[in-house]
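Dear colleague,

I am handing over the structure below, and I would ask you to keep it open while you read the notes that follow.

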Amino acid sequence: MVRSNAIEWQPLDEPEVSGVYVKVLRFDTSALRAPTILLKFDPGATYPGHTHPGGEEIFVLEGDIRLGKDRLHAGDYLFTAPGNIHAVQSDAGCVVLVSVPEEVEKLHRKSSSAGMAASGA
């Protein structure tokens, strides 16, 4: 059991990412990664184009978030199929529950405009 209110938000420490915070709900010691997390986006925060080899499940707890062409609000759920490419943005800020069975693969961008076009954002 995890009491998420007892965990402090930690900045997501990745290149090209600011204004995104994480709480680890489940850590897989054999894979050395957290497949189940809470993410908090500040208003206007983004996450660059990427794909999920094992798919991804997102449930929006608060606020709004855009994953590629899909815009979600509190109470919305989205399953992203394996291989789907998207960038992420939250206009007003949000908190989302995320389940990612395999490591995210970030896209290598040749330029900013090429990366956003490839992400579907």
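K69 is exposed, with a relative accessible area of 73%, and in this predicted model the side chain of K69 meets that of D70 in a salt bridge, at 3.6 Å from N to O. D70 counts as partly exposed, because its relative accessibility is 29% and that class begins at 20%.

The structure holds 3 salt bridges, and R71 takes part in the two that I describe next. With D64, the closest N and O atoms are 4.0 Å apart, whereas the side chains of R71 and D91 meet at 3.2 Å, N to O. This second pair links distant parts of the chain, since D91 lies in the loop between β8 and β9 while R71 belongs to strand β6, 20 residues apart. Salt bridges that share partners thus join D64, R71 and D91 into one network, in which D64 is buried at 8% relative accessible area, R71 is partly exposed at 40%, and D91 is partly exposed at 40%.

Turning to the interior, the largest nonpolar core has 20 residues, and those touching the most other members are V20, L39, F41, I65, L67, V96 and V98. Two or more residues come from each of β2, β3, β5 and β9, with β5 giving the most, namely 4. Leaving aside neighbours within four places in sequence, I65 is in contact with several residues, including F41, V96, D70 and R71.

Finally, a nonpolar surface patch of about 450 Å² is made by F59, L61, Y77, F79 and L97, and F59, which lies in strand β5, is partly exposed at 32% relative accessibility.

With best wishes

Note on methods
Residues are numbered from 1 along each chain as its sequence is written. This is a predicted model: local features need pLDDT of at least 70, side-chain atom pairs count only at pLDDT 80 or more; totals for chains, interfaces and linings use all residues. Side-chain values use heavy atoms; hydrogens and water are left out. A nonpolar core is a set of buried Ala, Val, Leu, Ile, Met, Phe, Trp, Tyr and Cys residues joined through side-chain atoms within 4.5 Å. Buried means under 20% relative accessible area, exposed over 50%, partly exposed in between (1.4 Å probe, protein chains only). Contact means heavy atoms within 4.5 Å. Patches are made of residues with over 30% relative accessible area and no salt bridge: like charges are joined within 9 Å, nonpolar side chains (Val, Leu, Ile, Met, Phe, Trp, Tyr) within 5 Å. Accessible areas come from the Shrake-Rupley method with a 1.4 Å probe; for residues, only the protein chains shown count as cover.
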